[in-house]
Amino acid sequence: MISFEPTAEQRDLQRLAHEFAERELRPVAAEWDEREAYPPDLLAKAAQAGLTAYAIPAEYGGGGVDAVTSALIAEELSWGCAGLASTLQATMFPVRPLLRFGTKAQRARYLPLLARGEGTLAAIAFTEPHAGSDVGAISAEAKRDGDEYVLTGEKVYITNGGIADVTVVFAKTGDELAAFLVERGDPGVAAGRVERKLGLRASQTGSVLLDSARVPADRRLGDEGQGFEVALDFFQASRPQVAAGAVGVARAAFEYATAYAREREAFGRPILSRQGVGFKLADMAMLVEAARLLVWRAASAVDAGDDAGLLGSYAKAFAADAAMRITTDAVQVLGGAGIMRDHPVEKWMRDAKVFQVVEGTSEIQRHIVATYLRGGHGDRQGRG
Ligand SMILES: Cc1cc2nc3c(=O)[nH]c(=O)nc-3n(C[C@H](O)[C@H](O)[C@H](O)COP(=O)(O)OP(=O)(O)OC[C@H]3O[C@@H](n4cnc5c(N)ncnc54)[C@H](O)[C@@H]3O)c2cc1C
């Protein structure tokens with residue numbers, strides 16, 4: 001038997017996340033999108049609601065929920081505002097690398113800190129000016145110097161970049177990749193430029209500058225040469241969550257466009273009664289449902305400890321592309337009103353575009369799928 005029904009506990013958390021999104025995110029989304037910032041009390045409010053640390057195991061003070069439940073929460077938060085949700089979710093980025101590759105001491109130091117949600121922000125940094133899709137092209141260097149590493153390089157387009165208290169940074173130790181837990185106050189670490197963006201504007205995207213930054217050797221995450229493994233393990237777990245965010249944006253736009261089409265009249269009838277509009281909404285409904293099922297399937301593979309690479313790429317590409325199509329069509333269904341900032345659909349369309357780029361572009365997801373089809377494993381290919 002295959003169950004498509006969330007458990008009672010999952011429904012409770014889904015409801016909690018939805019109510020939080022409805023109360024704390026949706027009403028302020030347009031304002032913070034415009035300001036290109038996030039409300040200073042966002043983290044505290046989310047922490048109070050139990051929505052910052054849900055994926056951290058209970059022994060470290062978190063909610064200890066699995067990937068499927070996390071995806072249910074991610075969809076709701078993004079339904080509220082994908083930009084604000086992304087600030088919260090990036091703070092969960094170091095959790096999986098810490099659990100899978102961290103030492104006991106590293107887990108004991110960082111996980112309770114992230115679980116408390118007292119304003120602690122986190123990030124993960126792969127991207128560089130000349131290394132985006134191609135993670136293997138990372139050129140930041142980490143040189144061992146006694147019981148420290150000296151890190152040099154520039155990380156760009158990092159969610160929470162420059163404001164995160166702890167960032168998982170990927171750098172080369174010779175020919176191989178390694179991951180490091182870099183703290184904001186480490187000597188030689190500085191915040192670089194803050195980007196101005198098309199979408200997800202309520203989430204800060206910035207550079208992290210590493211100018212001979214000194215990081216204690218015991219903050220290396222995993223072994224030297226294990227960085228690629230850390231990265232790929234991270235992507236396998238994170239892609240279903242990012243895809244769930246895309247479903248949240250898509251659903252928001254679908255619901256809004258449907259409600260509008262029921263009310264709006266043209267030529268004496270609600271526009272929903274016109275086949276040209278009804279078919280658009282029917283396609284949106286099917287795409288939302290299909291994308292969500294792929295998310296659940298990929299997240300289930302993560303929970304089962306299976307190779308979730310292929311399913312994660314299916315989910316990520318499908319959900320992001322669906323969100324782009326749905327939000328674009330939602331703008332169309334609203335006509336002129338869709339273009340205006342009085343309605344949220346233009347923002348959702350801008351937000352959806354970002355999902356086709358972050359965490360591996362839609363092309364890279366297809367590249368990974370094609371690699372699997374060739375009988376290989378997507379894992380050695382770029383962000384795959
Ligand atoms: C809002 C936002 C937040 C982000 N947050 C983070 C973060 O927290 N941490 C982080 O490390 N990075 C982050 N990124 C960076 C993001 O992951 C990269 O932008 C993304 O992986 C693409 O890399 P790139 O921008 O260098 O594009 P490129 O790699 O230069 O790609 C340019 C184009 O070429 C295409 N392309 C490249 N290679 C291939 C190929 N083999 N086959 C077909 N097409 C190809 C791409 O699909 C794309 O269309 C963020 C980006 C954004 C926009």
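**Close-up views of the ligand shell and two loops**

**View 1. Elements around the ligand.** β3 is the largest contributor to the shell around the ligand, giving three residues. The model shown is predicted. β1 (122-125), β3 (148-159) and α12 (362-373) each provide at least two residues of this shell. Domain 2 (122-222) and domain 3 (228-380) both contribute to the shell, so the ligand lies between them.

**View 2. Make-up of the shell.** The ligand has 19 residues around it. Those that come nearest are Phe126, Thr127, Ser133, Thr361 and Glu363. By class, nine residues of the shell are nonpolar, six are polar and four are charged.

**View 3. Polar atoms at the ligand.** A polar side-chain atom of Ser133 sits 2.6 Å from a ligand oxygen atom. Thr159 places a polar side-chain atom 2.8 Å from a nitrogen atom of the ligand. At Ile124 the backbone takes part: one of its polar atoms is 2.9 Å from a ligand nitrogen. Taken alone, the ligand exposes 970 Å², and the protein buries 65% of that.

**View 4. Phe267, a loop residue with positive phi.** Phe267 lies in the loop between β9 (265-266) and β10 (269-270). Its phi is positive, about 55°, although Phe267 is not a glycine. Is this residue buried or exposed? Phe267 counts as exposed because its relative accessibility is 79%, and the cut-off for exposed is over 50%.

**View 5. Glu359, in the loop before α12.** Glu359 is found between α11 (345-355) and α12. Glu359 has a positive phi of about 60° and is not a glycine. With 13% relative accessibility, Glu359 counts as buried, since buried means under 20%.

How values were computed:
Residues numbered from 1 in each chain as written. Predicted model: local features only at pLDDT ≥ 70, side-chain atom pairs only at ≥ 80, totals over all residues. Heavy atoms only, no water. Near = heavy atom within 4 Å. Polar contact = N/O pair within 3.5 Å; in protein donor to acceptor, adjacent residues only side chain to side chain. Areas by Shrake-Rupley, 256 points an atom, 1.4 Å probe, with all protein chains shown as cover. Helix = DSSP H or I, 4+ residues; strand = E, 2+ residues; numbered from the N terminus. Nonpolar A, V, L, I, M, F, W, Y, C, P; charged D, E, K, R; others polar. Domains from an automatic or database assignment. Buried < 20%, exposed > 50% of the residue type's maximum accessible area, 1.4 Å probe, protein only.
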